[in-house]
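Hi,

Here is the structure I promised to send over. Have a look at it first, and my notes on what turned up are just below.

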Amino acid sequence: MKFFVDTADIADIKELADTGLLDGVTTNPSIIAKSGRDFMEVTREICGIVDGPVSAEVVALDHAGMMREAEVLRKIADNVCIKVPLTIDGLKTCKALTGEGTMVNVTLCFSANQALLAAKAGATFISPFIGRHDDNGFDGIDLISDIRLIYDNYAYETQILAASIRHGVHVLQCAKIGADVMTAPPAVIKGLFKHILTDKGIEGFMADWAKTGQSI
Ligand code: G3P
C-alpha cells in the first residue's frame, strides 16, 4: 500500500520523506489555509521534496475554470496531481486532463456509485473520505470495500486513495481490504511506528546490555 501524507507542513513532509516510506502528498484548500503559505510556492516546495504525486486542488466550480486553474497548477512540476471535486464539472475536467496525460485525484467521494463514475472518467486516484463518512453515521470502511469490489469487477485502473483517515485502525482496515493508497495526517503515520511493547522491549534490552559492559 502506498503512503501519502495529508499536509502542507514542510517539516513533517521532510521528516517522513527521510524514512524512505513516503510515496506522495495530498493537500486541499483547508490544508493550504492552515499552512499560512502561498499555494503555488508551498506546492512547488513539496514537489521538490517528494518524487511521487503531490495533489493540488482546484477551487473553481465550473469546468472551464477548473481547466484554467489546472493549467496553472500542472506547470508547477511533473509530479503535480490535479485534485478535482466529485461533481459533473469535476469529472468532465478529470476526463479532459487524464486524456492529456495529467494525473487526477477525484476528491470528496462518499458513495461507491460516485467512485464508479470517477473510474469511468479515467481518474488516476479516487479519494473516499472515511472519517467524514463515519462522522455522519455511515461506515467509511464499507465504502472502501464496495469500491474495491466494483473496481476489481471491471479491472478499473483507478487507484483507491483512502482519505480522511483518523487513526491506525483505519490504516489497518484499508490495508486488509486492499486500498491502493492511504493518505493520513503526519501524526497518524508517525503513530504507526509505535507500540508500547517495542518501547518496553528496547528499555529491557538496553538495561541488560549495559550490565555486560560490552560495546559493538
Ligand atoms: O485531503 C482529504 C482528506 O484526507 C481530508 O481529511 O480529516 O479533513 O476529513 P479530513
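Before the ligand site, a word on classes: Ala, Val, Leu, Ile, Met, Phe, Trp, Tyr, Cys and Pro count as nonpolar, Asp, Glu, Lys and Arg as charged, and the others, Gly among them, as polar. On that basis, the shell around the ligand has 4 charged, 2 polar and 2 nonpolar residues. Please keep in mind that this is a predicted model.

So who is in that shell? Going along the sequence, you'll find Asp6, Asn28, Lys83, Phe129, Arg132, Ala163, Ser164 and Arg166 around the ligand. Three of these put a polar side-chain atom by a ligand oxygen: for Arg132 the distance is 2.7 Å, for Asn28 it comes to 3.1 Å, and for Arg166 it is 3.2 Å. On its own the ligand has 310 Å² of accessible area, and the protein covers 83% of that. As for where it sits, the ligand is in the largest pocket.

Now the cysteines, in case you were wondering about your reducing agent. How many disulfides does the structure hold? The count is 0. Take Cys81: the closest cysteine sulfur belongs to Cys94, and at 9.3 Å it is too far for a bond, because a disulfide needs the two sulfurs within 2.5 Å. Cys174 is in no disulfide either, with the nearest cysteine sulfur, that of Cys109, 13 Å away.

Are these two buried or exposed? Cys81 is buried, at a relative accessible area of 0%, and Cys174 is buried with a value of 0% too.

Cheers

Terms used: Residues numbered from 1 in each chain as written. Predicted model: local features only at pLDDT ≥ 70, side-chain atom pairs only at ≥ 80, totals over all residues. Heavy atoms only, no water. Near = heavy atom within 4 Å. Polar contact = N/O pair within 3.5 Å; in protein donor to acceptor, adjacent residues only side chain to side chain. Areas by Shrake-Rupley, 256 points an atom, 1.4 Å probe, with all protein chains shown as cover. 1 Å grid on protein atoms, 1.4 Å probe; cavity = no way out; pocket = protein on both sides within 12 Å on 5 of 7 lines; lining within 4 Å. Sits in = over half its atoms within 2 Å of the grid points. Buried < 20%, exposed > 50% of the residue type's maximum accessible area, 1.4 Å probe, protein only.
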